[in-house]
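Open the model in your viewer and colour it by confidence. The stops below go from the uncertain stretches to a sheet and then to a helix pair.

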Amino acid sequence: MITFTPFSGAARSSQTVPLAYLLQVDDIRILLDCGSPDWNPENIKTQSESGNGVTYPWQEYCDIVRKYAPEIDLVLLSHGDLAHSGLYAYAYCHWDLRAPCYTTLPVQAMARIATMEDVEGIRDEQEVDVEEVENNEAAAAEGMESSESRSPKLKNEPKKFVATVQEVHEAFDAVNTLRYSQPTHLQGKCQGLTITPFAAGHTLGGTIWKIRSPSAGTIVYAVNLNHMRERHIDGTVLYRPAAGGVFEPLARPDLFITDADRVNVVTSRRKDRDAALIDAISATLSSRSSLLLPCDSSTRLLELLVLLDQHWKYADFRFPICLLSRNGREMLTFVRSMMEWLGGTVNKEDVGVDGSGRTGGTRRRRGDEDADDEALGAFALRFKFLEFFPSPQSLLQTYSSKEPKLILAVPASLSHGPSRLLFSDFAAVPDNVVLLTSRSEEGTLGRILFDKWNNSQRGDDKWDKGRIGSNIMMDGAMTLKINSKVPLQGAELEVFLAKEKAAKDKEAAHQASMARNQRILEADEDESDEDSDSDSDEEDEVERALDESQMDTDEIPDAANGSPRKRKITKNEDDADWGLDIDEGLTKQLLSFDIYLKGNVSKATSFFKSAGGQTHRFRMFPYVEKKRRVDEYGETIDVGMWLRKGKVLENEADDEATREARRNQAEGETEAPREPPSKFVTSEVEIQLACRLLFVDMEGLNDGRAVKMIVPQVNPRKMIVVHAQAAAADALIDSCANIRSMTRDIYAPSVGETVQIGQHTNSFSISLSDELLSTIKMSRFEDNEVGYVTGRVASHFSSTIPILEPSGPAIPTPNANILHTPRILGSRPIQILPRSTMIGELKLTALKSRLASVGVQAELVGEGVLICGAGARRDQSSSSTQDTVAVRKTGRGRVELEGNVSDIYYVVRREIYNLHALVAT
């Protein structure tokens, strides 16, 4: 049974991003994508329906992902942008989403870059861990040591689930990468599933996931496709008109999950869109004005860079292209190392092929300033006109605001970061142009500007009507909230430093107390070890032996009567005698040492009375005999001693160069410049809009015409529509309903709604015996081998899995009809022939291609009829019908082969058999 539940990005929903879906195949839970919302929409607070509190756009989505994250068994990521992979790092580190994750290598790299750019931009402007710090006083005390002071206004900010840079690296390092068309058989709880990635277009490494299950069949997850070839990547493999339509391994799935976000959109030609973008840039720069082009940080940025670089070379521009991104240089380094994933015109330029297909159009130069780039093997991705800037301040230090330039700034939504800060200064300058290339997420500043532009266009020039549209002059005022981090000054800095000093003093006192307690505990541990490891009887014997050894009897002649007298003395390490006539006070004074003396008895009593009254026994200089700790497994191991010894051996093994490098690294860490104390502030800026605004669609997605053409050719048995508004989802369902061969089982669930497909089936594991396996005749069908077996199930004490063994020879049961049938003299007895099963679906186009490869001409005549042989030639004669064979598909699973017995007949029959898996029973 298949169960599908959208977490976000469902059908008939106004909020179509992010994308995250729960697909459950029997008992296996699969998370399809894990995107992040925009954490800084303009109108962030919306009242809840009950009116009892305030909810935020991402609250419901994040709560449901957090709830199901520990129960997920498999994660599949399809694209490397924030809408598909942005929340994975936080869920991995904080919500226990530790299930195996699979994607392609470019998606892993692009998702890492996009997530790092997002988290660094947000954490550089806002405090995102407010609630956790407020609920934990210890964390608040530790926070005093940091160089950042929290603004009072930020205490009411909502919790934003933004990971740290270290968590992003940790999460994406754990992702498993695959190649296109690489089937992977999963193990563990997901045993039995096979996943295969295929190219989806739209982004570098974008993936269509094919999931095969022995009980649920084939499931294809394909969202955000683009069948058109672009400059840096090829189109999707799902639909290739030159290859005969839909890609065979993805055709006719049992369940097809796809999006319908742009079903009602008619996209203009790519040539027109590129021309409009280039014309707007050229006209603006020629008029000594600048352009601001908000863009993403990884995926669609590559297409813009290739287009701009080609135009800059062609037009011989000297205007700078400025990319404001912290990770832009690192992103291009990743892409240069993955040239085999690129397509379009980039690969041609890399090997020196010009647009006409002639080689040698461009040659590499040796020894120039771009030698490092050429060493990476990416001639087309050098972008010598591109300059990188980590912040708007560094841009203004290089170029003044009056110089004409093209600025690419992240993010595309203008919700935070360099693009928002630049827009606040950029929009007030007349003749400057803000050029949008995507619609952005609902509620963001980018979407507000897009709606403003789209509403200003005439009816036929709107973006979804197949027209380009024209730029508009913005007017009026707009109020923006700008978040920033500013250094502390004056009284705030003094208060912070005082608190920091008090925290350090408190921490030092705490460390000293902990060290003192540790020393006392170690001493007490030695005493407890001695007491616990020795037996009581053994202790008595030891004490008696010690008493005897300490009782030195010396015969001293008595001066009075000359008789010998025994005297008990105790000798210390220096053979000093302590007399018997020392009183108790002096004893306590002599037993006062400046070290920790274990034992609290300074006077010992004896069972036997002495002549001189009560005797005293004094300890020697305190000495503790170390005894071995023994448990039921033998002598215990002192782990601390081994660790200390290992560290000493490691230091001794290092050579002088290694120790010197380690010392230099430690000195570098201590000498690293400390960030000045700062705080986060939020200010409201009122902007008088005076610039121009233009939108050119560069998202690289299928429009409605392509979706309505591709989906019926895929011809799934069941389909689920996601990532679409209500009008778009209904339009796709109505379009499929008008096609007779299209399935009627089409679902469009909303957020949280569960769709169940099929019935729950129980699968069992069984082992085939070697004797039975040697007799099976296997036939290959797609990615599997199929065979027919007959046997009996046996259980052996040596194995927990039942074994299928060959059944004994069956006793033939005489058929009543055969017995009563009169037998003709000399005839052979009637035998029942075994029946065979053919698995597969015959496609006449595939049969025609196979016949052409063996030299048999074939033509399609009418619907479902293929004429083969001499009848397929136009210059056929009446006698040539003897070598003509007709192949008809009369119904579901029925194929008729009609013609005279000839060589053509047997050739056609053999090719039909080869297109199926023949299972003999």
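**Low-confidence stretches**

Select residues 549-606 to begin: pLDDT stays under 50 there, and the model has 67 contacts beyond four places in sequence for this stretch. Move on to residues 614-618, where the pLDDT is also below 50 and the model has 16 contacts beyond near neighbours in sequence. This is a predicted model, and the protein chain as a whole averages a pLDDT of 80, with 75% of the residues scoring at least 70.

**The sheet**

Next, select the strands in the order β19-β18-β20-β17-β21-β30-β22, which form an open sheet of seven strands with mixed pairing. The edges are β19 (386-389) and β22 (472-473); each has a single partner strand, so one side of each lacks a neighbour in the sheet. At the β22 edge, show strand β30 (residues 692-695), which pairs with β22 in the antiparallel sense over two bridges. Here I472 is opposite L693 of β30. Add helix α15 (residues 445-455), which packs on the sheet and touches β21 (433-436), β22 and β30. The direction of α15 makes about 90° with that of β30.

**The helix pair**

Now select helix α25 (residues 844-853) and helix α26 (residues 903-914). Their axes are 10 Å apart, and the helices pack at an angle of about 125°, so α25 and α26 are oblique to each other. The crossing of α25 past α26 is right-handed. Show side chains for L847, R850 and L851 of α25 and for V908, E911, I912 and N914 of α26, which make the contact. Of the contact residues, four are nonpolar, one is polar and two are charged.

How values were computed: Residues are numbered from 1 along each chain as its sequence is written. Side-chain values use heavy atoms; hydrogens and water are left out. Axes are lines fitted to C-alpha atoms, for helices over the stretch in contact, and angles run from 0 to 180 degrees between N-to-C directions. Helices (H or I, at least four residues) and strands (E, at least two) are DSSP runs, numbered from the N terminus. Angles under 35 degrees count as roughly parallel, over 145 as roughly antiparallel, 65 to 115 as roughly perpendicular and the rest as oblique. A crossing is left-handed if the near helix is turned anticlockwise from the far one by less than a right angle, and right-handed if clockwise. Contact means heavy atoms within 4.5 Å. Ala, Val, Leu, Ile, Met, Phe, Trp, Tyr, Cys and Pro count as nonpolar, Asp, Glu, Lys and Arg as charged, and the others, Gly among them, as polar. pLDDT is the predictor's confidence in each residue, from 0 to 100. Two strands pair if DSSP finds at least two bridges between them.
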